[in-house]
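The following exercises concern the structure shown below. Each task is followed by a solution in steps, which may be checked against the sequence and the coordinates.

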Amino acid sequence: MTSKLTYMGAIGLAALSSVAATPAFAAGTTAGTTITNTATVDYQVGGVAQGQQSASNNFTVDRKINLLVEEVGTVTTSVVPGQTNAVTTFQLTNSSNEVLDFALVASQITGGTAAHGGTDTFNANNFRIYRDNTVTGTIGSWDAGDTLLTGYVDELTVDTAIRLFVVADIPAALANNAVAGVTLRATAREGGLAGTQGTAITETTGANTAGKDTVFADIAGVAGDVARDGSHSDNDDYTVQTATLTVTKSSRVISDPFNNTTNPKLIPGAVVEYCIAVANTGGAAATSVVINDPVPGQLTFNAGTILLGGTVTSGTCDFNGTAGGSYAAPNVSGTIASIAAGAASTLVFRATVN
Amino acid sequence: MRTALFLLLAMLAPGQAFAANQVALDNAVFVERVSTDAQGKQRIILEEPKVVVPGDRLVFVLNYRNAGAQPADKFVITNPLPAAVRFADAGDTRPMVSVDGGKQWGLLADLSVPMTDGTHRAAQPADVTHVRWAFQKPIPVGGSGKLIFRGVVK
């Protein structure tokens, strides 16, 4: 700017009152457009029309670099240990007034609080970024038809939002509620050449030029991503939801040959009932839970006494369930199809003291 | 104030000197920015249109002067809006405007825009396609003045 002036009076006051009403233009006039304003004067002198006078001015619309990276949805992505292709979803919007490329970097936070409150405790592996295919496949969700990106989004149209999927593999052997924070950062790059990532963009500094200047207009993103740096970012996270199983075993005497079922004692010939209770204190259901229990040599398994899927009340086995399971000496075994998070299930069987 | 502004404008646009004609017209554009000083007081600053991005407010300033030897009568200044500029207001200069490409003219409050269903709605500043000032009285010899209107870069 070579000079400036202030203009007060009625015009200035009117301006003050209307500044707040400046409309929001997402992208607007294409960068480099020349705006020419021409005014004309028609008049008469002594009743005779005179030649029309005109005056023009023009200026060039500069380039406003503005972009937005947003996590889609406001919940963590639940994963299980060892899961491959765990997906977090982001949206990238080009609010600049020019078609641009956008370099993408998916990184992980180390420690600290993740996007949805947990503390980052592990890192996921094998990060990939996909662009949603909006023509075929499941639109809005990651599927095989989406495009694997090689570090940048090519030629993103003005005022256009696209969906990006950050896909990673989760390590095995993680505890329930373990969290991995993920950051996706997009940086504007020069557009104009399809199939090639454009060069870095720098803001026009120093003296302004009459031609097309570049102005960064992006807002601040995650910690470390300041406003007006030509890039924007957002966080998301993975939270491990796994089953945590605890096993408890209890027993009771059912009968003996002399007292029968009245106050039976553990003498040879007595029948003992065992209960193996499996409680799931994790955040996800455990499926295909196989229980295996070798019968001690001093006992003889009573055929047809296995009960599966029984209940536990206040930590005490109810010694119930439905018939099932199998016995292959010396092992009693049975499979419980599913134990929901927070629930428990049992395997019950009887044996006789030798 | 007006003289000072006039001189400044002349300096800002040296290439647009007034033509040696009966009537001289000068057309300038500025970007209007709000700056807040240390006391939190807001000031409107008009800058040259060097850095202009969509959403910026523009002030168009038209200076006219009767440089001839006789009064200029039926004096009409017409300014079509550039396609990439949305009309905002014209301060207190009360121009006639057109919202249909220059066919019909009137005060903005008196105009309407036809809808596709045959009804009409009141014209909005964004509908304006042309601005026009028609002077009732002749401009005397040496008489001059300034007209402004505001727009926003689309």
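**Exercise 1.** In this predicted model, determine how strand S8 of chain A is joined to strand S13 of chain A, and which residue of S13(A) stands opposite Thr88(A).

*Solution.* Step one is to locate the strands: S8 covers residues 86-94 of chain A, and S13 covers residues 160-169. Step two is to establish their direction: the two run antiparallel and are joined by nine bridges. Step three is to find the partner of Thr88(A), which is Val166(A).

**Exercise 2.** Place S8 and S13 of chain A within their sheet, and identify the edge strands.

*Solution.* The sheet is open and consists of five strands of chain A, in the order S6-S8-S13-S10-S11. The pairing throughout is antiparallel. At the edges lie strand S6 (67-71) and strand S11 (147-148) of chain A, each of which pairs on one side only.

**Exercise 3.** Which strands of chain A pair with S9(A), and over how many bridges?

*Solution.* Begin with strand S12 (residues 152-156) of chain A: three bridges join it to S9 (residues 100-108), and the two run antiparallel. In this pairing, Ala103(A) stands opposite Tyr152(A). Next, consider strand S14 (residues 179-189) of chain A, which pairs with S9(A) over eight bridges, also in the antiparallel sense. Here Ser107(A) has Thr183(A) as its bridge partner.

**Exercise 4.** State the domains assigned to chain A and the separation of their centres.

*Solution.* The assignment gives domain 1 as 64-240 and domain 2 as 245-353. Taken over C-alpha atoms, the centres of the two domains of chain A are separated by 52 Å.

**Exercise 5.** Describe the secondary structure of chain B, its burial and its contacts.

*Solution.* First, count the elements: chain B has one helix and ten strands. Second, read them along the sequence: the pattern is α-β-β-β-β-β-β-β-β-β-β. Third, consider burial: of the 154 residues of chain B, 36% count as buried. Fourth, take the contacts in chain B between residues at least 6 apart in sequence: 71% of them join residues at least 24 apart.

**Exercise 6.** Assess the confidence of the prediction, and find where in chain B pLDDT stays under 50.

*Solution.* For the model, the scores are ipTM 0.73 and pTM 0.71. Chain B averages a pLDDT of 83, with 86% of its residues scoring at least 70. Over residues 1-20 of chain B, however, pLDDT stays under 50, and the model has 20 contacts beyond four places in sequence for this stretch. Where pLDDT is low, the predicted coordinates should not be read in detail.

Note on methods
Residues are numbered from 1 along each chain as its sequence is written. Chains are lettered from A and ligands numbered from 1 in the order in which they are written. This is a predicted model: local features need pLDDT of at least 70, side-chain atom pairs count only at pLDDT 80 or more; totals for chains, interfaces and linings use all residues. Domain bounds come from an automatic or database domain assignment. Two strands pair if DSSP finds at least two bridges between them. Helices (H or I, at least four residues) and strands (E, at least two) are DSSP runs, numbered from the N terminus. pLDDT is the predictor's confidence in each residue, from 0 to 100. Two residues are in contact if their C-beta atoms, placed from the backbone, lie within 7 Å. A residue is buried if 20 or more other C-beta atoms lie within 10 Å of its own, exposed if 12 or fewer, and partly exposed in between; C-beta atoms are placed from the backbone.
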